[in-house]
Every structure is written in C-alpha cells, then in structure tokens.
Amino acid sequence: DGTQWLNNHKSEYSYDAAGNNMQQSYFTWFANNWVELSRTIYTWNLQGYNTSYYYMDTVGGVLTNNYQVIFTRDGSNREQTMITQNWANSAWVNNYKTYTYYTGSSTKSDSTYRYNWVNNAWGSATQKIIHSYGLGGYLLQDLQKNYSNNVWNNSSKTDYLYDVNGNQTQQTSYYWYANSW
C-alpha cells in the first residue's frame, strides 16, 4: 500500500506420494483472513496420467461444484476422450467431449474432434483440429475446421517455429476470413 506489504492472494498445492498434484486451492485476503475462492482436485492412474479433475468455486461463502473434466486413455496411456461436464441442479451434466486419433504407436495425435451434448445424446462432430508435426516430432501447425452445411470449413490455425535446438521461437495464430488466412 506504499508503506508496507499487504496480503493479496495465494495458491496452495498438495501432492501424493508419487508427486502428482492432488489439489490446488486459490485464496484471497479478506477482512484479515485467507478466504478460499476456488479449488481444483485431480485424480491420476497408477502410471501417473491424469484421469480427471474437477473445479469448485466459492458461491455465497461455500465451495460449490462448477465443472469437471474426465479423460479416458488407451493401453499406451494416450488420451482418447475428454468429457467436460457442468454442475447443474445438483448433478453433473454433459457439455462436450473430444475424441483424439493417433497413427500407429505414435504418442502424437493426428486429429481431435469435438462433439456437443444435445438432447441427451452426443451430436455429430462440430469441430476438427488437425495436428501437423515436422522432423524431430515438433508441432508445426494446428488447423481448426468447423462443420456446417455438410462441409468442413477452415476456421483458424496456429503455426509454430523452432530454433536449431528445438526451442519454440514463435507462435502465430490466424483466422480464416474471406477465403484467406
């Protein structure tokens, strides 16, 4: 405040014996006390891969469920699906899911599709992201397409550049407008 340091906010983390982050809490300083504003709780499989997390925030002074994300993995622990759910009327309600495809034994995905929850069922894919990799397995581009009128249409893309040591040096995003990037 110009004359002394005052508390503002803090984050606290807890870990399991394997070193996996189990919980993250965010606090703000209010009326000379730390007040918890949000909490995220994580779960992991035996191989140390994230299988879910859920987020709570403070509503009326009480931590309340907000949303959760659940992952399914294949035998190589590659993410296959990611399902997001919102907390509504004291229950988890599906929002959307993504399905990720891989070529062969690669750990790098080729494409990801998004499906929305509509009328109590997963609808048709509405979004596709194509992942392109270069030599050394570096991500070169993510190309996003949206589905409308029975056609996949360009939407946006992000290009990535690297130096000779493999360090990312640039990331440029573009939007599709008037038939050009």
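Here is a short walk through this predicted model, going from its sheet to its salt bridges.

Let's start with the sheet. It is open and has 12 strands, lined up in the order 1-2-3-4-5-6-7-8-9-10-11-12, and the pairing is antiparallel. At the two edges you'll find strand 1 (9–15) and strand 12 (168–175), each of which pairs on one side only. If you follow the sheet from neighbour to neighbour, the strands are turned by 20 degrees against each other on average, ignoring direction. As for what holds such an arrangement together, strands of a sheet pair through backbone hydrogen bonds, either parallel or antiparallel.

Now zoom in on one of those pairings. Strand 9 covers residues 121–133 and strand 10 covers residues 139–148; they run antiparallel, with 7 bridges joining them. To pick out a spot where they meet, look for Ser-132, whose bridge partner in strand 10 is Gln-141.

Next, the charged side chains. There are 4 salt bridges in the structure. One of them links Glu-12 with Lys-10, with the closest N and O atoms 2.8 Å apart. Glu-12 is partly exposed, at 38% relative accessible area, and Lys-10 is partly exposed too, at 26%.

Another joins Glu-36 and Arg-39, where the closest N and O atoms are 2.7 Å apart. Here Glu-36 counts as buried because its relative accessibility is 15%, under the 20% cut-off. Arg-39, at 22%, counts as partly exposed.

Finally, have a look at Lys-157 and Asp-159, whose side chains meet in a salt bridge at 3.8 Å, N to O. Lys-157 is a buried residue, with 14% relative accessibility.

Terms used:
Residues are numbered from 1 along each chain as its sequence is written. This is a predicted model: local features need pLDDT of at least 70, side-chain atom pairs count only at pLDDT 80 or more; totals for chains, interfaces and linings use all residues. Side-chain values use heavy atoms; hydrogens and water are left out. Two strands pair if DSSP finds at least two bridges between them. Helices (H or I, at least four residues) and strands (E, at least two) are DSSP runs, numbered from the N terminus. Axes are lines fitted to C-alpha atoms, for helices over the stretch in contact, and angles run from 0 to 180 degrees between N-to-C directions. Buried means under 20% relative accessible area, exposed over 50%, partly exposed in between (1.4 Å probe, protein chains only).
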